[in-house]
Amino acid sequence: MKIFIATVALSAFSQQGIAFSFQHGQSVRQQSALSMTVVEKDTSAVKVGVIGCGRIGLVHLEAITKAPGVTPVIVSNPTVSKAEAAAAQYNVPKFTGEAMDVITDPDVDAVWICSPSQYHAEQIKAAAANGKHVFCEKPLATDLSETVEAINACSEAGVKLMTGLQRRFDENFKRVRTAVEKNEVGDTIMIKLCSRDPAPPPFAYVKGGGGIFADMAVHDLDMSRFLAGADPIDILAVGSCHIDKEIEKLEGSEAFDTASCIVRYPNGVQAMIDVCRQSSFGYDQRAEVLGTKGMIQTDNVYPNTAKIFRGDFTGNADMPYDFFLSRYNEAYVTETIAFCDSLVNDTPVPCTGQDGLAALIMAIAADKSAAENRWVRFDEVVQSVYCVGPMECQLVAESDVFPESFRPSSSTKDLLVPEYDEQKGRKKTGFFGGIFG
């Protein structure tokens, strides 16, 4: 396929970086075709490629250009003009219309996957097969068995895999997590999370999107686990439609624009979550943890701190942010830089493939609970996956004949190959001990 060489500023070819502990480079003298003068080129920088130049891809690309020791060398997008524009804007030397050009590029050490969800699993596996470290926006895959295979592909290849769950990197939610870790409000009793979007998405987006739990509430389900610092036990979920009645004809939780969940954690800790696809006053996304010694909660984020004081009104001068990239721009940048740091310094990935798998399991369980009107244990969902090998998994419901030796797995540990950092003997940053057992 065609790979284009972008016209970029000379400084892009002489960018300095931090030594990369996986692949130690050295400075080489290179003749510049642009100026015909000798320039120094540091080959020790981590070289990355970005797949997808839509809104999210550009946010990550911009952050990559600011991260020390990391250099973007190629970007791709099916509409090649978007890749060309991104390459020109961020001084990336190569652009292409094909994702595989990024994955197979010999200069690339790591790949950012910011493509549509249905391509994630295939691209993760291909990147792993080519020895590339992977950052992938959630979800890792749209299917549970494919998610397990994608994680195992990276583990077997000995490459890092980070799941993009950006709310974990939001300063507000991070501060609540810190308070829990430091026991600032005592032992956790209850966690409350709400997530309400400014306006409902179009019908075409909702149809085939996986439903409100997988598409929207998955962030809050993951955040409940992040704040609890433990793996959940079971869930009760309900849903309804109040805003866009057109979606009521869709299947399952795609027919819901409003939903609530109760998640039970060890030691009697409860998490209560409500989500709605419309909030007339902008993004309403807050968190609260009640403990035995106090409470900590976050407020919504506003474009500014200005307030108006009148006889008939006192309050913020403007509404909260009404676009997710405005609300979470800093969080996206922070998570990108965090993975860059993991690559440059070979430190543990802060949000693992197992974290992404846990979030998907929780969303599937919520969907099952709402459909069957009952409490659903998370290990029920894990038991629906059968693997004959790390890269050969299928859902039990899709199996015509059960193998004679079939034993359902009640723990995701039984399905997964140890991830990169586990293989290195490092303490994991996630909470996957005693998975959903």
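This passage describes aromatic pairs, charges over rings and cysteines in a predicted model.

The search for ring contacts covered the whole structure and found four aromatic pairs. One of them joins Trp-112 and Phe-339. Their ring centres lie 5.2 Å apart, and the planes meet at 70°. The arrangement is therefore edge-to-face, as the angle is over 60 degrees. This pair brings together distant parts of the chain. Trp-112 belongs to strand β7, which spans residues 110-113. Phe-339 belongs to helix α9, which spans residues 324-345. The two residues are 227 residues apart. Trp-112 has a relative accessibility of 0%, so this residue counts as buried. Phe-339 is likewise buried, with a relative accessible area of 0%.

Phe-339 also pairs with Phe-135. Here the centres are 6.0 Å apart and the planes stand at 45°, so the pair is tilted. Distant parts of the chain are again linked: Phe-135 is in strand β8 (residues 133-137), and Phe-339 is in helix α9, 204 residues away. Phe-135 is buried, and its relative accessible area is 0%. Through these ring pairs, Trp-112, Phe-135 and Phe-339 form a cluster.

Two arginines sit over aromatic rings. The charged end of Arg-177 is placed over the ring of Phe-226, 4.4 Å from the ring centre. Arg-264 lies over the face of Trp-375. The distance to that ring centre is 3.8 Å.

Attention now turns to the cysteines. A search of the whole structure yields one disulfide. The bond joins Cys-387 and Cys-393, with the sulfur atoms 2.1 Å apart. The torsion about this S-S bond is about 105°, so the disulfide is right-handed. Cys-393 counts as buried because its relative accessibility is 10%, which is under the 20% limit.

Cys-241 presents another case. The closest cysteine sulfur to that of Cys-241 is in Cys-276, at 9.6 Å. This distance is too far for a bond, because a disulfide requires sulfur atoms within 2.5 Å. Cys-241 counts as buried, at 9% relative accessibility. Cys-194 is buried too, with a relative accessible area of 6%.

Conventions:
Residues are numbered from 1 along each chain as its sequence is written. This is a predicted model: local features need pLDDT of at least 70, side-chain atom pairs count only at pLDDT 80 or more; totals for chains, interfaces and linings use all residues. Side-chain values use heavy atoms; hydrogens and water are left out. Rings of Phe, Tyr and Trp (its six-membered ring) pair if their centres lie within 6.5 Å; planes under 30 degrees apart count as stacked, over 60 as edge-to-face and the rest as tilted. Helices (H or I, at least four residues) and strands (E, at least two) are DSSP runs, numbered from the N terminus. Buried means under 20% relative accessible area, exposed over 50%, partly exposed in between (1.4 Å probe, protein chains only). A charge sits over a ring if NZ of Lys or CZ of Arg is within 6 Å of the ring centre and within 35 degrees of the ring normal.
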